[in-house]
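Let's take a friendly walk through the inside of this protein, with the sequence and the 3D view side by side.

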Amino acid sequence: MVKLKRILYKVVVWFLGLSVFSVVFFKFVPVPFTPLMGIRIIENKWDKKPIYFEHDWEPIEKISMNLQKAVIASEDGTFLRHHGFDFSAMQKAFQNNANGKKIKGGSTISQQTAKNVFLWQGRSYFRKALEAYFTVLIELIWGKERIMEVYLNSIEMGDGIYGAHAATRYWYGKDASSLTKMEAAGIAAILPNPRKYKASNSSAFINRRKERIVRVMRHIGKIKY
(Lines give C-alpha, C1' and ligand atoms only; values in the text may rest on other atoms or scores of the structure.)
Protein backbone atom coordinates (compact mmCIF):
# COMPACT_ATOMS: atom_id res chain seq x y z
CA MET A 1 0.00 0.00 0.00
CA VAL A 2 2.81 2.38 0.89
CA LYS A 3 4.58 1.54 -2.36
CA LEU A 4 1.41 2.24 -4.34
CA LYS A 5 1.03 5.62 -2.66
CA ARG A 6 4.62 6.50 -3.59
CA ILE A 7 3.98 5.55 -7.21
CA LEU A 8 0.79 7.60 -7.34
CA TYR A 9 2.58 10.54 -5.73
CA LYS A 10 5.34 10.40 -8.35
CA VAL A 11 2.81 10.14 -11.17
CA VAL A 12 0.94 13.20 -9.89
CA VAL A 13 4.14 15.21 -9.42
CA TRP A 14 5.38 14.30 -12.91
CA PHE A 15 2.02 15.12 -14.46
CA LEU A 16 1.83 18.51 -12.75
CA GLY A 17 5.41 19.34 -13.72
CA LEU A 18 5.06 18.28 -17.35
CA SER A 19 1.67 19.94 -17.78
CA VAL A 20 2.89 23.29 -16.43
CA PHE A 21 6.06 23.02 -18.52
CA SER A 22 4.09 22.30 -21.70
CA VAL A 23 1.75 25.24 -21.12
CA VAL A 24 4.69 27.59 -20.49
CA PHE A 25 6.49 26.18 -23.55
CA PHE A 26 3.54 26.78 -25.87
CA LYS A 27 3.11 30.30 -24.57
CA PHE A 28 6.11 31.17 -26.73
CA VAL A 29 6.34 28.37 -29.32
CA PRO A 30 3.77 27.69 -32.09
CA VAL A 31 1.75 24.50 -31.60
CA PRO A 32 2.86 22.27 -34.51
CA PHE A 33 0.43 19.39 -34.10
CA THR A 34 -2.59 18.46 -31.98
CA PRO A 35 -4.11 15.14 -30.90
CA LEU A 36 -7.15 15.76 -33.12
CA MET A 37 -4.93 16.12 -36.19
CA GLY A 38 -3.43 12.73 -35.48
CA ILE A 39 -6.84 11.16 -34.84
CA ARG A 40 -8.19 12.46 -38.17
CA ILE A 41 -5.21 11.05 -40.07
CA ILE A 42 -5.70 7.65 -38.42
CA GLU A 43 -9.46 7.74 -39.12
CA ASN A 44 -8.92 8.49 -42.80
CA LYS A 45 -6.25 5.83 -43.12
CA TRP A 46 -8.50 3.29 -41.40
CA ASP A 47 -11.41 4.17 -43.69
CA LYS A 48 -9.05 4.12 -46.71
CA LYS A 49 -9.82 7.74 -47.50
CA PRO A 50 -7.34 10.24 -49.01
CA ILE A 51 -5.30 11.92 -46.30
CA TYR A 52 -5.35 15.70 -46.73
CA PHE A 53 -3.56 17.80 -44.14
CA GLU A 54 -3.00 21.55 -44.23
CA HIS A 55 -1.76 23.53 -41.23
CA ASP A 56 0.39 26.66 -41.14
CA TRP A 57 0.94 28.87 -38.11
CA GLU A 58 0.01 32.53 -38.52
CA PRO A 59 0.76 35.20 -35.85
CA ILE A 60 -2.39 36.82 -34.51
CA GLU A 61 -1.27 40.16 -35.93
CA LYS A 62 -1.74 38.67 -39.41
CA ILE A 63 -5.19 37.21 -38.70
CA SER A 64 -8.08 39.48 -39.56
CA MET A 65 -9.83 41.06 -36.60
CA ASN A 66 -13.03 40.10 -38.41
CA LEU A 67 -12.28 36.42 -37.78
CA GLN A 68 -11.48 37.06 -34.13
CA LYS A 69 -14.82 38.81 -33.72
CA ALA A 70 -16.62 36.14 -35.71
CA VAL A 71 -15.51 33.26 -33.48
CA ILE A 72 -16.38 35.27 -30.37
CA ALA A 73 -19.81 36.02 -31.82
CA SER A 74 -20.34 32.39 -32.80
CA GLU A 75 -18.59 30.36 -30.11
CA ASP A 76 -18.11 32.41 -26.94
CA GLY A 77 -19.76 35.79 -26.47
CA THR A 78 -18.22 36.34 -23.04
CA PHE A 79 -14.67 35.33 -24.02
CA LEU A 80 -13.12 38.68 -23.16
CA ARG A 81 -14.84 38.81 -19.76
CA HIS A 82 -14.78 35.31 -18.28
CA HIS A 83 -11.85 33.52 -16.64
CA GLY A 84 -12.08 30.35 -18.69
CA PHE A 85 -15.63 29.20 -17.94
CA ASP A 86 -19.06 30.56 -18.78
CA PHE A 87 -21.15 28.99 -16.05
CA SER A 88 -24.44 30.43 -17.28
CA ALA A 89 -23.85 28.91 -20.74
CA MET A 90 -22.87 25.59 -19.17
CA GLN A 91 -26.04 25.56 -17.08
CA LYS A 92 -28.19 26.41 -20.09
CA ALA A 93 -26.53 23.66 -22.16
CA PHE A 94 -27.09 21.14 -19.36
CA GLN A 95 -30.75 22.06 -18.98
CA ASN A 96 -31.48 21.96 -22.70
CA ASN A 97 -29.63 18.69 -23.18
CA ALA A 98 -31.60 17.21 -20.28
CA ASN A 99 -34.80 18.29 -22.06
CA GLY A 100 -33.67 16.59 -25.25
CA LYS A 101 -33.04 19.81 -27.18
CA LYS A 102 -30.13 19.99 -29.63
CA ILE A 103 -27.88 22.95 -28.88
CA LYS A 104 -24.16 23.54 -28.83
CA GLY A 105 -22.28 22.76 -25.67
CA GLY A 106 -21.31 25.31 -23.07
CA SER A 107 -17.57 25.14 -23.73
CA THR A 108 -15.73 28.45 -24.03
CA ILE A 109 -12.97 29.24 -26.50
CA SER A 110 -10.52 28.71 -23.64
CA GLN A 111 -11.92 25.23 -22.92
CA GLN A 112 -11.91 24.31 -26.59
CA THR A 113 -8.29 25.44 -26.90
CA ALA A 114 -7.23 23.43 -23.84
CA LYS A 115 -8.95 20.34 -25.24
CA ASN A 116 -7.60 20.71 -28.79
CA VAL A 117 -3.99 21.29 -27.78
CA PHE A 118 -3.49 19.01 -24.80
CA LEU A 119 -6.23 16.36 -24.80
CA TRP A 120 -8.30 13.96 -26.82
CA GLN A 121 -11.93 14.11 -27.94
CA GLY A 122 -14.54 12.56 -25.64
CA ARG A 123 -17.18 13.17 -23.02
CA SER A 124 -15.86 11.32 -19.97
CA TYR A 125 -15.74 13.06 -16.60
CA PHE A 126 -12.02 12.35 -16.39
CA ARG A 127 -11.32 14.15 -19.67
CA LYS A 128 -13.57 17.04 -18.67
CA ALA A 129 -11.66 17.35 -15.38
CA LEU A 130 -8.36 17.50 -17.26
CA GLU A 131 -9.89 20.05 -19.64
CA ALA A 132 -10.87 22.25 -16.69
CA TYR A 133 -7.34 21.93 -15.26
CA PHE A 134 -5.64 22.94 -18.52
CA THR A 135 -8.19 25.74 -19.03
CA VAL A 136 -7.18 27.27 -15.69
CA LEU A 137 -3.51 26.94 -16.62
CA ILE A 138 -3.77 28.63 -20.01
CA GLU A 139 -5.92 31.43 -18.61
CA LEU A 140 -3.28 32.10 -15.94
CA ILE A 141 -0.16 31.61 -18.07
CA TRP A 142 -1.18 32.52 -21.62
CA GLY A 143 -3.80 35.24 -21.30
CA LYS A 144 -6.61 35.99 -23.73
CA GLU A 145 -4.59 37.09 -26.75
CA ARG A 146 -2.41 33.97 -26.75
CA ILE A 147 -5.46 31.75 -26.21
CA MET A 148 -7.13 33.33 -29.24
CA GLU A 149 -3.94 32.99 -31.28
CA VAL A 150 -3.55 29.29 -30.48
CA TYR A 151 -7.27 28.67 -30.99
CA LEU A 152 -7.30 30.24 -34.44
CA ASN A 153 -4.19 28.29 -35.43
CA SER A 154 -5.19 24.86 -34.17
CA ILE A 155 -8.93 24.25 -34.58
CA GLU A 156 -10.43 22.19 -37.39
CA MET A 157 -11.85 24.47 -40.09
CA GLY A 158 -12.53 21.91 -42.81
CA ASP A 159 -11.73 18.32 -43.69
CA GLY A 160 -7.97 18.19 -43.08
CA ILE A 161 -7.85 21.99 -42.73
CA TYR A 162 -6.49 23.42 -39.48
CA GLY A 163 -6.06 27.04 -38.52
CA ALA A 164 -6.99 30.40 -39.99
CA HIS A 165 -4.25 30.54 -42.62
CA ALA A 166 -5.02 27.15 -44.17
CA ALA A 167 -8.78 27.73 -43.91
CA THR A 168 -8.67 31.12 -45.60
CA ARG A 169 -6.52 29.75 -48.42
CA TYR A 170 -8.80 26.73 -48.82
CA TRP A 171 -12.18 28.45 -48.69
CA TYR A 172 -11.41 31.84 -50.24
CA GLY A 173 -7.99 31.67 -51.90
CA LYS A 174 -6.60 34.64 -49.96
CA ASP A 175 -4.62 35.58 -46.85
CA ALA A 176 -6.09 35.40 -43.35
CA SER A 177 -5.36 39.10 -42.85
CA SER A 178 -7.81 40.17 -45.57
CA LEU A 179 -10.99 38.36 -44.54
CA THR A 180 -14.18 40.37 -44.85
CA LYS A 181 -16.86 40.19 -42.18
CA MET A 182 -18.99 37.79 -44.21
CA GLU A 183 -16.00 35.57 -45.09
CA ALA A 184 -14.96 35.43 -41.44
CA ALA A 185 -18.53 34.62 -40.48
CA GLY A 186 -18.47 31.82 -43.04
CA ILE A 187 -15.54 30.13 -41.29
CA ALA A 188 -17.06 30.67 -37.85
CA ALA A 189 -20.42 29.33 -39.02
CA ILE A 190 -19.05 25.89 -39.90
CA LEU A 191 -17.08 25.31 -36.68
CA PRO A 192 -19.72 23.08 -35.05
CA ASN A 193 -19.08 20.56 -37.86
CA PRO A 194 -16.38 21.77 -40.27
CA ARG A 195 -16.19 18.45 -42.13
CA LYS A 196 -19.88 18.58 -42.99
CA TYR A 197 -20.49 22.24 -43.83
CA LYS A 198 -18.88 24.63 -46.32
CA ALA A 199 -17.73 28.17 -45.59
CA SER A 200 -18.11 29.16 -49.25
CA ASN A 201 -20.87 28.06 -51.64
CA SER A 202 -22.74 27.33 -48.44
CA SER A 203 -26.13 25.81 -47.78
CA ALA A 204 -29.08 27.99 -46.82
CA PHE A 205 -28.63 26.89 -43.20
CA ILE A 206 -25.01 28.09 -43.07
CA ASN A 207 -25.89 31.33 -44.90
CA ARG A 208 -28.44 32.10 -42.19
CA ARG A 209 -25.79 31.39 -39.55
CA LYS A 210 -23.39 33.75 -41.34
CA GLU A 211 -25.95 36.56 -41.27
CA ARG A 212 -26.61 36.06 -37.55
CA ILE A 213 -22.89 36.05 -36.78
CA VAL A 214 -22.32 39.28 -38.73
CA ARG A 215 -25.17 40.95 -36.83
CA VAL A 216 -23.61 39.96 -33.49
CA MET A 217 -20.14 41.08 -34.66
CA ARG A 218 -21.43 44.64 -35.07
CA HIS A 219 -22.05 44.84 -31.32
CA ILE A 220 -18.70 43.48 -30.14
CA GLY A 221 -16.78 46.70 -30.66
CA LYS A 222 -13.01 47.01 -30.45
CA ILE A 223 -11.24 43.98 -29.03
CA LYS A 224 -8.77 44.76 -26.25
CA TYR A 225 -6.83 41.78 -24.92
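## A buried ring to begin with

Phe134 is a good place to start: with a relative accessible area of 5%, this residue is buried. Please keep in mind that the model is a predicted one.

## Aromatic pairs

Across the whole structure, a search turns up 15 aromatic pairs. In one of them, Phe53 and Tyr162 have ring centres 5.7 Å apart and planes at 40°, so this pair is tilted. Phe53 sits in the loop between α2 and β1 (54-55), while Tyr162 belongs to strand β3 (residues 161-162), so the pair ties together parts that are 109 residues apart in sequence. As for exposure, Phe53 has a relative accessible area of 33% and is partly exposed, whereas Tyr162, at 1%, is buried.

Phe134 has a ring partner too. The ring centres of Tyr133 and Phe134 are 5.3 Å apart and their planes meet at 70°, so the pair is edge-to-face. Tyr133 counts as partly exposed, with 23% relative accessibility, and Phe134 is buried at 5%. Both residues are part of a cluster linked by ring pairs, whose members are Phe15, Phe21, Phe25, Phe26, Phe118, Tyr133, Phe134 and Trp142.

## The nonpolar core

The largest nonpolar core is made of 48 residues, and Leu67, Val71, Phe118 and Met148 have the most contacts inside it. Elements giving two or more residues to this core are α1 (2-28), α3 (65-75), α5 (109-118), α6 (125-141), α7 (144-154), α8 (164-172), α9 (181-189) and α10 (204-217).

Phe118 deserves a second look, as a member of the ring cluster and one of the residues with the most contacts inside the core. Setting aside residues up to four places away in sequence, Phe118 touches Ser22, Val23, Phe26, Pro35, Phe134, Ile138 and Trp142.

## Helix α9 and Ala185

Helix α9 is mostly covered, with seven of its nine residues buried. Those buried residues are Glu183, Ala184, Ala185, Gly186, Ile187, Ala188 and Ala189, and they pack against α3, β2 (156-158), α8 and α10.

Ala185, in helix α9, is worth selecting in your viewer. This alanine has 0% relative accessibility and counts as buried. Its contacts, leaving out neighbours within four places in sequence, are Ala70, Lys210, Ile213 and Val214. For a sense of distance, try Ala185 and Leu4: these residues are 181 apart along the chain, and 52 Å separates their C-alpha atoms.

## One cavity

How many cavities of 30 Å³ or more does a search of the whole structure find? The search finds one, and the volume of this largest cavity is about 60 Å³.

Its lining is formed by Met37, Arg40, Ile41, Asn44, Ile51, Tyr52, Phe53, Glu156, Asp159, Gly160, Tyr162 and Arg195. Here the tilted pair returns, since Phe53 and Tyr162 are both among the lining residues. Helix α2 (residues 35-46) gives the most to the lining, with four residues. Sorted by class, the lining has six nonpolar, two polar and four charged residues.

How values were computed
Residues are numbered from 1 along each chain as its sequence is written. This is a predicted model: local features need pLDDT of at least 70, side-chain atom pairs count only at pLDDT 80 or more; totals for chains, interfaces and linings use all residues. Side-chain values use heavy atoms; hydrogens and water are left out. On a 1 Å grid over the protein atoms alone, a cavity is a set of points where a 1.4 Å probe fits but cannot get out, and a pocket is an open set with protein on both sides within 12 Å along at least five of seven lines; lining residues have an atom within 4 Å of a point. Grid points are joined across faces, edges and corners, and a volume is the space filled by probe spheres set on the points. Ala, Val, Leu, Ile, Met, Phe, Trp, Tyr, Cys and Pro count as nonpolar, Asp, Glu, Lys and Arg as charged, and the others, Gly among them, as polar. A nonpolar core is a set of buried Ala, Val, Leu, Ile, Met, Phe, Trp, Tyr and Cys residues joined through side-chain atoms within 4.5 Å. Buried means under 20% relative accessible area, exposed over 50%, partly exposed in between (1.4 Å probe, protein chains only). Contact means heavy atoms within 4.5 Å. Rings of Phe, Tyr and Trp (its six-membered ring) pair if their centres lie within 6.5 Å; planes under 30 degrees apart count as stacked, over 60 as edge-to-face and the rest as tilted.
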